[in-house]
Every structure is written in structure tokens, then in C-alpha cells.
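Please look through the sequence and the structure shown below, and keep them at hand while reading. The report that follows takes up the ligands, then the strands, then some details of the backbone.

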Amino acid sequence: MKNYPNVMIFDHPLIQHKVAILRDERTGMKQFRELVEEITTLMAFESMRDVQTVPVMVKTPLEVTEQRMVPEKSIVIVPILRAGLGMVNGIHTLFPTAKVGHIGMYRDEETLEPHEYYCKLPDGIEEKTVFVVDPMLATGGSAVDAINALKARGCKKIKFMSIIGAPEGVSKVAEAHPDVMIYVSTLDRELNENGYILPGLGDAGDRLFGTK
Ligand code: PRP
Ligand code: URA
């Protein structure tokens, strides 16, 4: 895959360790859900490196000091339903006051084209830093369309986080949205003929919610 300035692949040993367990077909729903959250938290720490902070005055037991804080209402998490829901708590662990918007997308199993079926976003999202989350970035169609929907709504500061990315999907989002920083914990080899990521982990939504 080409090097894109707006793509960060983590390849951190701790993330590699957790992704290896996540992929294993023997990993059950509870552990799968916990791992998705933990990996998201590890990624969120880095992806929040450049979020806005503002000066605040804090009174310690000894003196008043100027410190910096992330404004409470400055961050919105937007999971792409369903599987993105599994990543929300991973960010809330670090930043509990983030509001949550939802975009529902499903992939047509034949054409692999994404279809939006739901969109509910918090008022004022245009001014916030928006973290779009979806554990799987396969063809990239769902991510590109979700980001298009947010831009149409007026959002200007958008980041995209995914746990496993296929080179095809990462390139597609990076090229369609060069202004959006894309964080992928692990880059996989390729897509199969059904649009599944190899080696991947199977269907993330089904493994998170036990639907198969
Ligand atoms: C999966 C996944 C992504 C999408 C990725 O969702 O969670 O949203 O596929 O594929 P793409 O990059 O080729 O668009 P799916 O459509 O299976 O819906 P689900 O989350 O409800 O299971
Ligand atoms: N969606 C998934 O859940 N898994 C894949 O491998 C591709 C798309």
C-alpha cells in the first residue's frame, strides 16, 4: 500500500497481542467485546493527541495554577452501526462526556455497496471533533459514505478509527478524504471475493452481538 500522510497504522506490541486473541475463532462474545474496547482505548489515547485544549485555573491545596483541559463538549463519537457500537465505550473510558451520534450502514452482500438506513447526530456537531468508529475497514465504502454524510452536515474536524483495515479500504478512504486522519490498529493482507478481510476476524457485528 502507498504511504498516505493521513493514515496511521499502530503496529504496537500490546495491540498486536490483543488483535491476535480477537482474531481467534475460539474467542467468545464477552472477551471479543472487551478486547474491542481495550484496543479502541489504546488507539484513542494516540488519536486524541492533537485535540483542542483550553486554559483553566485550578486551585491546588498550595496555590492557584493555570492548567489546560479538553473542553467537555468538544468531542463527538459516531459509531457506524452495528459493529462501531463496540468501540464507543473504549473512547468513553478516556473521555466520558463525549456525546454520541449514530450512522447506520449495511453492506449489500452482493454488490458490497453501503446503504445508509439511520442517522441521528447531536446538535452542534459541526463545531466538534468527530471520531467516526468502525472496527472493520474492508472496501472502504461504508467509511467513505459515513464521512460524506458528516461533511454534508457541516463537520470539519473528522477522524476515523478502525481496528482492522484492508489495504483497498484504507487507500479508498485516504484518497476520498485527505483531510481526515485515519487510525488503523492493524493492516491486513487483502479482501476475499466476498469482501471479507483476510486474515481478518470474520464478521465483527456478529461476533460482538452473537447474531451467528
Ligand atoms: C461491516 C463493518 C463495516 C463494513 C465494512 O458492517 O462493520 O461497517 O462492513 O465494509 P466496507 O468497508 O466494505 O464498507 P456490515 O455491513 O456487515 O453491518 P453490521 O455492522 O451491521 O454487521
Ligand atoms: N465486515 C466485517 O465485519 N468483516 C469483514 O471482514 C469485512 C466487513
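In this predicted model, ligand 1 is surrounded by 15 residues, of which Arg 107, Asp 134, Thr 139, Gly 140 and Ser 142 are the closest. By class, the shell around ligand 1 divides into seven nonpolar, four polar and four charged residues. Strand S6, strand S9 (136–137) and helix H4 (141–152) each supply at least two residues of that shell, and S6 gives the most, with three residues.

Which residues make the polar contacts of the two ligands is set out in the table, where each row gives one contact with its distance.

| Ligand | Ligand atom | Protein partner | Distance |
|---|---|---|---|
| Ligand 1 | oxygen | Arg 82, side-chain N or O | 2.9 Å |
| Ligand 1 | oxygen | Ala 83, polar backbone atom | 3.1 Å |
| Ligand 1 | oxygen | Gly 140, polar backbone atom | 2.8 Å |
| Ligand 2 | oxygen | Ile 197, backbone N or O | 2.8 Å |
| Ligand 2 | nitrogen | Gly 202, backbone N or O | 2.8 Å |
| Ligand 2 | oxygen | Ala 204, backbone N or O | 2.8 Å |

For ligand 1, an oxygen atom is thus 2.9 Å from an N or O atom in the side chain of Arg 82, while the partners listed for Ala 83 and Gly 140 are polar backbone atoms. Ligand 1 has 500 Å² of accessible area on its own, and the protein covers 89% of this area. Ligand 1 sits in the largest pocket.

Ligand 2 also sits in the largest pocket, and the residues that surround ligand 2 are Arg 107, Met 136, Ala 138, Gly 195, Tyr 196, Ile 197, Gly 202, Asp 203 and Ala 204. Arg 107 therefore appears both in this list and among the closest residues of ligand 1, each residue having a heavy atom within 4 Å of the ligand concerned. The shell around ligand 2 has five nonpolar, two polar and two charged residues. A backbone N or O atom of Ile 197 lies 2.8 Å from an oxygen atom of ligand 2, and a backbone N or O atom of Gly 202 lies 2.8 Å from a nitrogen atom of ligand 2. Of the 230 Å² of accessible area that ligand 2 has on its own, the protein covers 88%.

How is S6, which gives three residues to the shell around ligand 1, placed among its neighbouring strands? Strand S4 (residues 75–81) pairs with S6 (residues 102–107) in the parallel sense over two bridges, and Ile 80 stands opposite Ile 103 in S6. With strand S7 (residues 114–120), S6 pairs in the antiparallel sense over six bridges, and Met 105 has Glu 116 in S7 as its bridge partner. S6 and S7 form a hairpin with six residues between them, and in the turn Leu 112 has a positive phi of about 65°.

Some details of the backbone remain. The peptide bond from Leu 81 to Arg 82 is cis, with omega near -5°, and Arg 82, whose side chain has an N or O atom 2.9 Å from an oxygen atom of ligand 1, is placed in the loop between S4 and helix H3 (85–92). Leu 198 and Pro 199 are likewise joined by a cis peptide bond, with omega about 0°, and Pro 199 lies in the loop between strand S13 (197–198) and helix H6 (204–209). Asp 11, a residue other than glycine, has a positive phi near 50°, and Asp 11 lies in the loop between strand S1 (7–9) and helix H1 (13–23).

Definitions and conventions:
Residues are numbered from 1 along each chain as its sequence is written. Chains are lettered from A and ligands numbered from 1 in the order in which they are written. This is a predicted model: local features need pLDDT of at least 70, side-chain atom pairs count only at pLDDT 80 or more; totals for chains, interfaces and linings use all residues. Side-chain values use heavy atoms; hydrogens and water are left out. A polar contact is a pair of N or O atoms within 3.5 Å; within protein, one must be able to donate a hydrogen and the other to accept it, and residues adjacent in sequence count only if both atoms are side-chain atoms. Accessible areas come from the Shrake-Rupley method with a 1.4 Å probe; for residues, only the protein chains shown count as cover. On a 1 Å grid over the protein atoms alone, a cavity is a set of points where a 1.4 Å probe fits but cannot get out, and a pocket is an open set with protein on both sides within 12 Å along at least five of seven lines; lining residues have an atom within 4 Å of a point. A molecule sits in a cavity or pocket if more than half of its atoms lie within 2 Å of its grid points. Ala, Val, Leu, Ile, Met, Phe, Trp, Tyr, Cys and Pro count as nonpolar, Asp, Glu, Lys and Arg as charged, and the others, Gly among them, as polar. Two strands pair if DSSP finds at least two bridges between them. Helices (H or I, at least four residues) and strands (E, at least two) are DSSP runs, numbered from the N terminus.
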